[in-house]
Amino acid sequence: MAARNHDQWMATPPLQKGEWIDSRVYTDYQIFEEENEKIFKNAWVPVCHESELSKPYDFRTTSIAREPIIVCRGPDNQVRAFLNVCPHRGMMIERRPSGSFFEGQPSGNPKRMTCMFHGWQFDMKGSCVYVSREKEGYQDRLCKDDVGLRRLRCEVKFGGFVWVNLNDKAPDLESWAGKPFECLRKSLEAEPLEVFHYHKAIVDTNYKLWHDTNCEFYHDFMHYHNRVTGFNDAYFARKNEAFDNGHIVVGTFEVNYDKYEGFESRASLSFPHLPPNQWYMIDLFPGINFNLRGSALRCDVVTPLGPNKTMIEFRGLGLKSDSKEDRMTRINHHNSIWGPFGRNLHEDLIGVQGQGNTMMPGTEPRRVLHGRQENQTIHDENGMRHYYDEWGKWLNRLPSSPDKPYAAASAVTAAE
Amino acid sequence: MAWKKVCGVGDVEVNSVKLFDVEGVNVLVTNYGSGFRAIPPICPHMEEPLDVSGIVANCVLTCSKHLWAWDLRTEGMLGETEKPLKFYETREEDGALFVNMVEELVYDFDSEDDLDDDFFG
């Protein structure tokens, strides 16, 4: 077909239901707010890795859906999460991105979290241990037991990641993501892992566009090096497998790194129990990616900042037991794919930013297609179809027509 | 008796505190004008290092974090202070200050409560 006029451009594509969506799911402020409220405040998010708070009293601060969070390791070595909010007057308690409570702060004491505003103090279990001039001001009407921190669901799991859920009653993490992790569990849990790389990118795009890119490999046409060296029979046989709760796993295949110019085999440093040079990818709803390329693990997590603004945090991990030399090799392997001069990551960011440029709040709705059917192999777009079906349930909106409720559409489908 | 030399009497200025290592034990010495006191290095309230936060004036040692204070002449507690300081016995001899180091003096602190970790169970 030649280029189209407006009516033709806006017409329904000749594809089945669920094989395309309306771009308003990426551009609408109301939908962004609903996603924070209905999805991110109820989903498990790996906010950091336990190796980033390796000693008692170490902490990190972060946020989910605008809620400020502090994660700290107690003297009993347990990692716990709390809202980073003082129960007194709502002040943010800790302002540093990371550090240790072992040494005292200018307004606090060693081994305590201290709110600098009025000097209230909390221990690593979130119990209030000091209220300044308590008796004088509150007599016996309010005491320390009444003003503990807000503790959050927190589990250290699937290779030492620290997962937090803002909903006290959400399903447990095992039932949420245990199935998709089965393929890598032995490799990630054989021995302690350690973060050797962290960076974040704030990209003018919707978080789902980023997650889409992690869920489909058709865009290997953009990755010049992948295209010219990677397309072979084993590559095209790779499966995209869908799991409950909107997760997908991209099945493994053996990468011939020695066929890549300037690369070497990763066999000697492959993760425990992983056959040499294998490559797995786990994509969790609503926007978390675990990517194990033989010797190096990457985890990226999204934080939506607006309909058209997304923070992506990237971590690279190796084995804690690495020798100095092995660690350097592992870092080299990580960076050669995902570093600033690597093969992939910067190209992925160009892709999603280009989409972000065409899909800003207020732009005319576009049709975004994900109707490729290739027997659920690598260039099939079943991963995205699976994701948006889940998304529709959480928001009760139809992805292809977000003004309409998902429930009504599925009732119609059932009736058909 | 195990008298150990800590410092010279001129090493700690009037109205100040100074930290010394006495054979592996941290001892805080304060010169309050009319004498010396030797105490453990932290506040008995919340483990605050007193070489950083201790203020000496008018023969009173005050921890600047929560204003617990002790009279250094009588060793008594002042104001809202809830726990006494522990003191090493001292003596001055030939321009030096000695402490009687029988054992390291330490304070008991409340341990963290025993909330179990099945918090949301």
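A salt bridge here is a side-chain nitrogen of Lys or Arg within 4 Å of a carboxyl oxygen of Asp or Glu, and with that rule in mind the tour of this predicted model can begin at one such pair.

**First stop: salt bridges inside the chains**

Select Arg330(A) together with Asp322(A), and you will find that the two form a salt bridge whose closest N and O atoms are 2.9 Å apart. Both Arg330(A) and Asp322(A) are buried, and you may have to hide part of the surface to see them.

Next, move to helix 6 of chain A, which covers residues 185–189, and show the side chains of Arg185(A) and Glu189(A), which form a salt bridge with the closest N and O atoms 3.4 Å apart. These two residues are four residues apart in the helix, so about one helical turn separates them. Arg185(A) is partly exposed, with a relative accessible area of 22%, and Glu189(A), at 41% relative accessibility, also counts as partly exposed.

In chain B, select Arg73(B) and Asp71(B), a salt bridge in which the closest N and O atoms are 3.3 Å apart. Here the two partners fall into separate classes of exposure, since Arg73(B) is partly exposed at 49% relative accessibility, whereas Asp71(B) is buried, with a relative accessible area of 10%.

Then return to chain A and select Asp22(A), Arg24(A), Arg367(A) and Asp403(A), four residues that are linked in a network of salt bridges. Over all chains, the count of salt bridges comes to 35.

**Second stop: strand 18 of chain A**

Now select residues 309–319 of chain A, which make up strand 18. Of its 11 residues 10 are buried, so the strand is largely enclosed by the rest of the structure.

Which strands should be shown beside it? One is strand 12 of chain A, residues 193–203, which runs antiparallel to strand 18 and is joined to it by 10 bridges; to see one of these pairings, pick Lys200(A), whose bridge partner in strand 18 is Glu313(A). Another is strand 17 of chain A, residues 296–306, which is also antiparallel to strand 18 and is joined to it by nine bridges, and here Asp300(A) has Phe314(A) as its bridge partner. If you follow the backbone from strand 17 to strand 18, you will pass through a hairpin in which two residues make the connection.

**Third stop: where chain A meets chain B**

Finally, colour the two chains separately and select the residues in contact, of which 26 come from chain A and 16 from chain B. The area buried between the two chains is about 1700 Å², and carbon and sulfur atoms give 45% of it. On the side of chain A, highlight Asn109(A), Lys125(A) and Arg151(A), which supply 33% of the area that chain A buries against chain B, more than any other three residues.

How many salt bridges are counted between chain A and chain B? The count is one, and you can find it by selecting Glu47(B) and Lys111(A), whose closest N and O atoms are 2.9 Å apart. Five residue pairs are found in polar contact across this interface.

The elements of chain A that give two or more residues to the side touching chain B are strand 9 (128–130) and strand 10 (151–157), and strand 10 gives the most, with three residues. Colouring this side of chain A by class will show seven nonpolar, eight polar and 11 charged residues.

Definitions and conventions: Residues are numbered from 1 along each chain as its sequence is written. Chains are lettered from A and ligands numbered from 1 in the order in which they are written. This is a predicted model: local features need pLDDT of at least 70, side-chain atom pairs count only at pLDDT 80 or more; totals for chains, interfaces and linings use all residues. Side-chain values use heavy atoms; hydrogens and water are left out. Buried means under 20% relative accessible area, exposed over 50%, partly exposed in between (1.4 Å probe, protein chains only). Two strands pair if DSSP finds at least two bridges between them. Contact means heavy atoms within 4.5 Å. Buried area is the accessible area (1.4 Å probe) that two parts lose on being put together, summed over both. A polar contact is a pair of N or O atoms within 3.5 Å; within protein, one must be able to donate a hydrogen and the other to accept it, and residues adjacent in sequence count only if both atoms are side-chain atoms. Ala, Val, Leu, Ile, Met, Phe, Trp, Tyr, Cys and Pro count as nonpolar, Asp, Glu, Lys and Arg as charged, and the others, Gly among them, as polar.
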